[in-house]
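Let's take a stroll through a protein model and see how one helix and some aromatic rings are arranged. Have the viewer open as you read.

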Amino acid sequence: MLETPKINPEPLWLVIMRLLRWNKPEGRLILMIPALWAVFLAAAGKPPLPLVGVIIFGSIATSAAGCVVNDLWDRDIDPQVERTRDRPLASRALSVKIGIVVGIVSLVCAAVVAFYLNPLSFWLSVAAVPVIVLYPGAKRVFPVPQLVLSIAWGFAVLISWSAVTANITAPTWLLWGATVLWTLGFDTIYAMSDRQDDQRIGINSSALFFGKYAPTAIAVFLIGTVILLAGVGLLVNLNTAFWISLILASIGWIWQIIRLQQPEIPHSAYGEMFRQNVWIGFLILAGMIIGSL
């Protein structure tokens, strides 16, 4: 049965902005980063500007669709979680019908952009859709749903790299692996803020799966990310700028790992560390671009 939205003083367009999470850009940017890593590395630092625009717009549209799908799945669960109870569908500020329409429009925008790509990239885009749509369901049946999200994130690398080269090579897979591990790391950090609520309502997360060993698991994921990124740098012969950026990123991750080992962490710290990963990702991107020239 479709819910009737509550009377809301907010203009409809602002509510839709919140549904798409455009009021929280870090989540949109962090999906865009691996796609930009791939397109700049595959093009030796000089991708065609129209293609960069397509990748950016496609990332935004795909992320928007993913947010809507997630909130449609979780509209009866989100009200029970402190962090998500004010989301438009959870708070009934927006009807399910409007949510479905916004989701379809987002998917159509992503599909239109995908037609610009070569056949391999196009079909990789198609293959990513079921993973994006099914991720929210994975939280109900799969013990580590962040792995499903990480694989969805990894498609950004495969699509963007193949959009430049029309093939997938060894460096592509190393970058894919780095993206999967990085996503597992930062999203497990993010999930740590919801552990009590998730446990109470019976939702799975990597933070719950690893329990007291979650900080150690995050450390393993981030160390693996550094190793695989270093492998990419060696295979594509990136210069000193990349290695400087990777060292600085590693220092940032080490600081996060040390902080997560502390017995008492402010609840807000998990969100802060998630946002820090956006800047770390852009730092690595800058190193990749300059290191390719």
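What follows is a short tour of helix H11 and of the aromatic pairs in this predicted model.

Start with H11, which covers residues 240-260. At 1.5 Å a residue, its 21 residues should span 30 Å, and the end C-alpha atoms are indeed 30 Å apart, so the two values agree. Look at the start of the helix, too: a side-chain oxygen of asparagine 239 comes within 3.0 Å of the backbone nitrogen of alanine 241.

Which helices do the buried residues of H11 pack against? They pack against H7 (170-192), H10 (214-235) and H12 (268-292). Among the buried residues of H11 are Phe242, Leu246, Trp253 and Leu260.

Now for the rings. The structure has eleven aromatic pairs. One of them joins tryptophan 173 and tryptophan 176 edge-to-face, with 5.7 Å from centre to centre and 75 degrees between the planes. Both tryptophans sit in helix H7, three residues apart, which is about one turn of the helix. Phenylalanine 242 and tryptophan 243 also pair up: their ring centres are 5.1 Å apart and their planes meet at 70 degrees, which is over 60, so this pair is edge-to-face.

How accessible are these four residues?

| Residue | Relative accessibility | Class |
|---|---|---|
| Tryptophan 173 | 44% | partly exposed |
| Tryptophan 176 | 26% | partly exposed |
| Phenylalanine 242 | 0% | buried |
| Tryptophan 243 | 27% | partly exposed |

Phenylalanine 242 counts as buried because its 0% is under the 20% cut-off.

Finally, find Trp37, Trp153, Trp182, Phe186, Tyr190 and Phe274, which form one aromatic cluster.

Conventions. Residues are numbered from 1 along each chain as its sequence is written. This is a predicted model: local features need pLDDT of at least 70, side-chain atom pairs count only at pLDDT 80 or more; totals for chains, interfaces and linings use all residues. Side-chain values use heavy atoms; hydrogens and water are left out. Helices (H or I, at least four residues) and strands (E, at least two) are DSSP runs, numbered from the N terminus. The expected span of a helix is 1.5 Å times one less than its number of residues. Buried means under 20% relative accessible area, exposed over 50%, partly exposed in between (1.4 Å probe, protein chains only). Contact means heavy atoms within 4.5 Å. A polar contact is a pair of N or O atoms within 3.5 Å; within protein, one must be able to donate a hydrogen and the other to accept it, and residues adjacent in sequence count only if both atoms are side-chain atoms. Rings of Phe, Tyr and Trp (its six-membered ring) pair if their centres lie within 6.5 Å; planes under 30 degrees apart count as stacked, over 60 as edge-to-face and the rest as tilted.
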